[in-house]
Amino acid sequence: MDYATLLQMLDTTLRLATPLLFACLAGLYSERAGVFDIGLEGKMLMAAMCAGSVAYLTGSVWLGMLAAIGGSLIFALAHGLASITFRGNQLISGVALNFVASGITVLVALALFDQGGRTPPLEGGARMAEITLPLAETLRGVPVLGPFYADVVSGHPILVYVGLLMVPATWWLLFRTRFGLRLRAVGENPASVDTAGVSVKRLRFAAVLIAGVLCGLAGAYMATGLQAGFGREMTAGRGYIALAALIFAKWRPWHALWACLLFGFFQSLALRPDVLANIGLKIPVPALDALPYVLTVIVLAGLVGKAIPPRAGGEPYVKER
Amino acid sequence: MAGANETGRQASAAPFAIELKGISKAFGPVQANKDISIQVAKGSIHGIIGENGAGKSTLMSILYGFYKADSGEILINGRVTPIPDSQSAIRAGIGMVFQHFKLVQNFSVLENIILGAEDGAMLAPSLSKARKVLDDLSREYELDVDPDALIEDLSVGHQQRVEILKALYRQAEILILDEPTGVLTPAEADHLFRILRGLKDQGKTIILITHKLREIMEITDTVSVMRRGQMTATVKTAETSPEQLAELMVGRKVLLQVEKAPAQPGRTILEVENLRVKDDQGVERLKGISLTIRAGEILGIAGVAGNGQSELLEVLGGIARATGSVRMNGQPLDLTGRHSDGQSRRADGIAHVPEDRQVLGLIMDFTAWENVAFGYHHAPEFQKNALIMDNAAIRADCEAKMATFDVRPPIPTLAAKNFSGGNQQKIVVAREIERNPDLLLVGQPTRGVDIGAIEFIHKQIVALRDAGKAVLLVSVELDEIMSLSDRIAVMFDGRIMGERDPETTNERELGLLMAGITGGDAA
């Protein structure tokens with residue numbers, strides 16, 4: 001494998017890791033606050049459909065992005081109502097939302113565009129432009145690092161950079177601010193927050209809504225950045241892969257980045273069977289396609305060491321006597 | 001007129017720190033608090049005692065803004081102060097140390113202390129301020145804890161100090177402690193009392209909720225007694241006695257000391273040699289336990305919770321595996337193989353009243369009669385034929401046991417969770433004792449059980465002993481160990497530190513052993 005191929009693969013890795021990263025961070029906020037979110041998938045799908053449709057109808061990728069966030073937030077709100085306000089089962093609420101998303105996205109897309117559940121291809125201002133970072137071409141001549149900067153780091157839609165910036169931002173918010181302290185506390189022992197006179201429900205809703213916004217960005221990126229339009233079930237289990245990455249990362253922001261890049265790398269490998277063939281590994285393409293999912297199963301089965309989730313995760317908070 | 005002026009002047013000169021007037025609170029049909037009025041003098045330690053379910057916790061929860069009273073008034077320092085939520089309670093200068101600590105286990109001490117009382121959106125300034133305040137407080141009140149330690153690495157006693165510090169950091173003038181000594185060693189409890197006295201000397205007001213009469217007598221200035229949601233009496237501690245308080249709590253005369261004749265030990269029932277247990281992390285929890293119990297005696301195991309007592313019970317009860325040797329009636333017990341389970345142990349004549357009845361003793365959502373059959377459901381008298389169980393027989397058996405053990409209400413079809421703690425425990429004890437085992441393992445028999453039921457359960461254990469059975473009693477309540485046991489073994493860090501005779505030993509000596517100190521014959 002030559003350097004150019006490696007750069008291409010890393011470039012693809014970063015592109016494919018971005019929706020995972022948004023979804024993973026979304027899960028991180030929600031689960032750190034004690035609300036399990038298996039509905040990342042559904043929120044992303046909903047967001048992707050909203051982004052694709054609105055971007056096509058208005059010709060504006062930014063209106064599409066707003067619609068994506070809106071669509072995802074509606075689902076987040078429903079999850080919050082079911083699992084925080086009415087103390088329902090968080091897993092069931094999440095699964096239900098995934099089903100709803102799977103159906104309603106196709107339904108709406110069919111009704112609007114009558115193209116088998118997909119939106120028409122997006123062009124021009126309805127897609128996210130790729131940004132060339134400053135000095136990318138100037139520095140290309142610098143050995144090794146120059147091409148890396150120009151080909152891998154530069155030349156992505158804005159949301160790729162937003163996603164990367166979300167990592168330190170999340171770390172800072174969680175570990176350096178009052179909001180973060182309370183958010184983490186409410187996921188570990190909500191009673192400690194309650195007895196301190198702080199509203200458990202409000203904190204958890206805040207976390208769930210942040211997750212909604214992030215899933216919105218993930219979906220918008222998928223429909224208008226990574227691809228040119230919404231397609232039926234286009235998230236293809238990325239919400240679950242993001243959950244696996246979250247467990248792999250043990251609910252820590254920086255580790256989430258590395259985990260998502262790893263999963264992204266596996267996905268990019270599936271797109272380039274020739275790379276493996278060149279180094280003598282003949283693996284059928286379907287097996288490569290399955291790789292990220294196999295890794296997900298391995299992670300979820302707990303084969304990568306013990307991951308301790310936030311202690312109050314999954315349990316609605318009820319004041320005890 | 002003159003009298004009214006007199007009281008008016010007095011009230012303004014020294015208003016009560018807390019005054020409750022006619023507080024009532026009902027949960028559905030249950031009247032948890034009925035027209036409760038109480039006055040707590042500033043700078044005093046005021047005890048509140050009562051049995052489980054007497055309404056103590058409800059009353060304190062109302063005071064801390066967890067519940068809203070249906071009627072009544074709260075006055076803080078003479079001023080009417082509505083307390084709709086915990087925030088208002090904190091603002092009114094009330095701090096609460098709950099029985100189950102409200103701490104975040106993987107946060108540092110400092111983080112726990114500032115949680116909810118941060119000074120701004122950023123953590124750094126709050127943390128450094130808290131560090132300074134903490135330093136002052138710990139020097140002033142013997143409340144030293146490492147501010148950077150994680151809660152999960154602290155002992156229970158230190159965790160409790162963090163809870164007290166939390167309240168003081170919020171400038172609490174009134175401190176409520178709910179059953180604070182339940183989890184402490186005698187030495188830790190003494191330390192806590194020193195802290196409380198120090199706080200009192202600084203003019204803080206302290207409310208101590210407990211069911212331990214000895215503590216009430218030792219540290220409080222005034223005691224209020226609650227029974228069935230009502231305040232039955234408020235007396236000066238110096239003018240009362242434990243016997244009088246017990247009677248006020250239960251509503252009848254209660255025997256505080258267990259009456260028992262001297263033991264008449266017979267043949268050896270259980271021999272344990274060099275028992276060792278490792279937990280999931282590979283840490284050795286039992287480090288070579290050896291002991292024997294004979295027929296007709298009660299061996300009490302004293303110790304602070306978590307020093308291997310649970311593991312010992314679990315191994316003997318067939319729940320956990322171990323190495324070493326155990327002989328029951330001369331026959332070796334299987335400690336690792338197919339026969340190291342509860343069913344085999346019961347067949348060998350071992351009955352087990354586990355420490356945590358809600359987890360190991362009962363299935364809380366199942367009915368009383370189902371629970372009474374568990375473990376013995378294979379018994380021939382419970383079978384109609386090879387396939388079908390005789391539920392009617394089990395129910396009849398349950399009714400009989402409920403009558404013998406005075407379980408209230410005596411309704412076999414009621415779910416276990418709907419009984420009070422004491423009655424749940426009676427169900428478990430009835431199930432295990434009535435099968436007439438050779439050896440009864442009993443862990444924390446009276447944890448969360450009210451005085452009336454404690455007396456009853458103690459009597460049953462002694463009766464079993466007098467019937468020539470062996471009893472292994474594990475309890476963290478030193479009083480219970482001392483009054484029931486014929487011999488006392490003290491466990492510390494997976495070892496038996498020594499054996500003492502309850503007639504000749506004392507709490508101080510046992511307390512030292514419980515802390516792992518064996519300074520020769522210390523007593």
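A good place to enter this predicted model is a loop of chain A: A:Lys250 sits between helix H10 (238–248) and helix H11 (253–271). The backbone of A:Lys250 deserves a second look, since its phi is near 50°, a positive value in a residue other than glycine. Chain B offers a backbone detail of another kind. There, B:Arg408 and B:Pro409 are joined by a cis peptide bond, with omega at about -10°. B:Pro409, too, belongs to a loop, the one that runs between helix H14 (391–404) and helix H15 (421–433) of chain B.

From these loops, the description can move to the helices of chain A. Helix H1 (residues 3–32) packs with helix H9 (residues 200–226) at an angle of about 170°, and 7 Å lie between their axes. An angle over 145 degrees counts as roughly antiparallel, and H1(A) and H9(A) are therefore roughly antiparallel to each other. On the H1(A) side, the residues making this contact include A:Arg15, A:Phe22, A:Leu25, A:Tyr29 and A:Arg32. Facing them from H9(A) are residues among which are A:Val208, A:Ile210, A:Leu214, A:Leu217 and A:Met222. Sorted by class, the contact of H1(A) with H9(A) holds 17 nonpolar, 3 polar and 2 charged residues.

H1(A) has a further packing partner in helix H5 (residues 145–153) of chain A; here the angle is about 40° and the axes are 8 Å apart. The crossing of H1(A) and H5(A) is right-handed. H1(A) brings A:Leu7, A:Leu10, A:Asp11 and A:Leu14 to this contact, while H5(A) brings A:Pro147, A:Phe148, A:Asp151 and A:Val152. By class, the residues of the contact of H1(A) with H5(A) comprise 6 nonpolar and 2 charged, with no polar ones.

Chain B can be read at the level of its domains. Domain 1 covers 17–250 and domain 2 covers 268–514. Taken over C-alpha atoms, the centres of the two domains are 33 Å apart. Where the domains of chain B meet, 10 residues of domain 1 are in contact with 13 residues of domain 2. On the domain 1 side, the elements giving two or more residues are helix H7 (186–201) and helix H9 (242–250) of chain B. H9(B) gives the most to that side, with 3 residues. The side of domain 1 of chain B that touches domain 2 is made up of 6 nonpolar, 3 polar and 1 charged residues.

Chain B also contains an open sheet of 4 strands, arranged in the order E2-E1-E4-E5 with antiparallel pairing. Its edges are strand E2 (30–40) and strand E5 (79–80), each of which pairs on one side only. Within the sheet, strand E1 (residues 18–27) and strand E4 (residues 71–76) of chain B pair in the antiparallel sense over 5 bridges. To pick out one bridge by name, B:Glu19 has B:Leu75 in E4(B) as its partner.

Finally, the two chains can be viewed together. In this pairing, 19 residues of chain A are in contact with 23 residues of chain B. Helix H7 (178–188) and helix H8 (190–195) of chain A each supply at least two residues of the side of chain A that touches chain B. That side of chain A counts 6 nonpolar, 5 polar and 8 charged residues.

How values were computed. Residues numbered from 1 in each chain as written. Chains lettered and ligands numbered in written order. Predicted model: local features only at pLDDT ≥ 70, side-chain atom pairs only at ≥ 80, totals over all residues. Pairing = 2+ DSSP bridges. Axes fitted to C-alpha atoms, helices over the stretch in contact; angles between N-to-C directions. Parallel < 35°, antiparallel > 145°, perpendicular 65-115°, else oblique. Contact = placed C-beta atoms within 7 Å. Nonpolar A, V, L, I, M, F, W, Y, C, P; charged D, E, K, R; others polar. Domains from an automatic or database assignment. Left-handed = near helix turned anticlockwise from the far one by under 90°.
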